[in-house]
Amino acid sequence: MGLEMDSVNLVYDIGKELQTYALKNINISLEGNRIVGVMGPSGSGKSSLLYTLAGLKCPTSGKVYYNEINYSDLSPDKNAELRRKDFGFIFQKHFLIDYMTVLQNVLTPINDDSKEAKMKAVTILDKLNILNLSGKKPHQLSVGQKQKVAIARAFIGEPKIIFADEPTAALDYEATINVMNFLKSYRKEKMIIIVSHDKSILEDADSIINMFDGSIISTQSGEEENM
Ligand SMILES: Nc1ncnc2c1ncn2[C@@H]1O[C@H](COP(=O)(O)OP(=O)(O)OP(=O)(O)O)[C@@H](O)[C@H]1O
Ligand SMILES: [Mg+2]
């Protein structure tokens, strides 16, 4: 059970003169509930790795499996259904719906406005210290507050895996600590994959994948073993 990549390459601008190998021969297996950090310089392929693992980008060659299912064996509809049921996303851009309130935005993935669902949203917003914003619209919020709403939305459907691309990039120090504590509070229940430039926020990760120039150059687990 988990995510697996088998000889994955992701090439942009195929057929053009100048191609970019965003991912080069990636072999990786991620299992169990834990926090996985993905680190590396800008352009090293971190986002590409995350989106390919989540089935949002198709590899140019190689295979990607979720619970032993090859994404490319599923129809686009089945892929979308799987993502909706099992995955939560925190993107670099927040993609909130501007005519909806914060509470409504958080509830959109589950399409449920029962009392129970609202209570769940309230609990999450409270943990992120933004319960006071639940009636506001996105345009009334700061960039960091919007980011927190997007984080709450990613958790509402109780996904099995969270894919987070620079989830704290827009946050100040205090909000970063709050969000990291929030994410860590789920580490026994979910796999949480966090892409970040910032080494300090990944200090407590259960394992780290280090990327450079489209390749995984090393992986470390909490016990500091190198593979
Ligand atoms: N849509 C695209 N078309 C062409 N090249 C792309 C595209 N998206 C990414 N690339 C290239 O693929 C490589 C990996 O990009 P990627 O976004 O995965 O890096 P990253 O590690 O997430 O960087 P950052 O830290 O800046 O977000 C880069 O060289 C980038 O220029
Ligand atoms: Mg990126």
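The legends below describe close-up views of a predicted model.

**View 1. The open sheet of four strands.** In this predicted model, four strands form an open sheet in the order β2-β1-β4-β5, and their pairing is antiparallel. The edges of this sheet are taken by β2, which covers residues 20-30, and by β5, which covers residues 69-70; each of these has a single partner strand, so one side of each is left without a neighbour in the sheet. Helix α1, made of residues 46-53, packs on the sheet and touches β1 (3-12), β2 and β4, and the direction of the helix makes about 125° with that of β1.

**View 2. Met-5 and the two partners of strand β1.** Strand β1 is joined to β2 by seven bridges, with the two strands running antiparallel, and β1 is also joined to β4, again in the antiparallel sense, by five bridges. Which residues pair with Met-5 in β2 and in β4? On the β2 side, Met-5 stands opposite Ile-28, whereas in β4 the bridge partner of Met-5 is Val-64. As a general guide to reading such a view, the side chains of a regular strand alternate between the two faces of the sheet.

**View 3. The pairing of strands β4 and β5.** Strand β4, which spans residues 61-66, pairs with β5 over two bridges, and the sense of this pairing is antiparallel. Within this pair, Tyr-66 is the residue that stands opposite Ile-69 in β5.

**View 4. The surroundings of ligand 1.** Ligand 1 is surrounded by 14 residues, of which the closest are Ser-42, Gly-43, Lys-46, Ser-47 and Ser-48. Sorted by character, the residues of this shell divide into three nonpolar, nine polar and two charged. Several polar atoms of the protein can be followed to oxygen atoms of the ligand: a backbone N or O atom of Gly-43 lies 2.8 Å from one such oxygen atom, a backbone N or O atom of Gly-45 lies 3.0 Å from an oxygen atom of ligand 1, and a polar side-chain atom of His-197 lies 3.2 Å from an oxygen atom of the ligand. The accessible area that ligand 1 has on its own is 640 Å², and the protein covers 64% of it. The elements that give two or more residues to the shell are β2 and α1, and the most is given by α1, with three residues.

**View 5. The hairpin of strands β9 and β10.** Strand β9, residues 207-212, and strand β10, residues 215-221, pair in the antiparallel sense over six bridges. Phe-212 stands opposite Ser-215 in β10, and the hairpin has two residues between the strands, where Asp-213 takes a positive phi near 50°.

**View 6. Two asparagines with positive phi.** Most residues other than glycine have a negative phi, and this view concerns two residues with a positive value. Where do Asn-25 and Asn-111 lie? Asn-25, whose phi is near 45°, lies in strand β2, which is also one of the strands at the edges of the sheet. Asn-111, which is not a glycine and yet has a positive phi of about 50°, has its place in the loop between α3 (102-107) and α4 (115-127).

Key:
Residues numbered from 1 in each chain as written. Chains lettered and ligands numbered in written order. Predicted model: local features only at pLDDT ≥ 70, side-chain atom pairs only at ≥ 80, totals over all residues. Heavy atoms only, no water. Pairing = 2+ DSSP bridges. Contact = heavy atoms within 4.5 Å. Axes fitted to C-alpha atoms, helices over the stretch in contact; angles between N-to-C directions. Near = heavy atom within 4 Å. Polar contact = N/O pair within 3.5 Å; in protein donor to acceptor, adjacent residues only side chain to side chain. Areas by Shrake-Rupley, 256 points an atom, 1.4 Å probe, with all protein chains shown as cover. Nonpolar A, V, L, I, M, F, W, Y, C, P; charged D, E, K, R; others polar.
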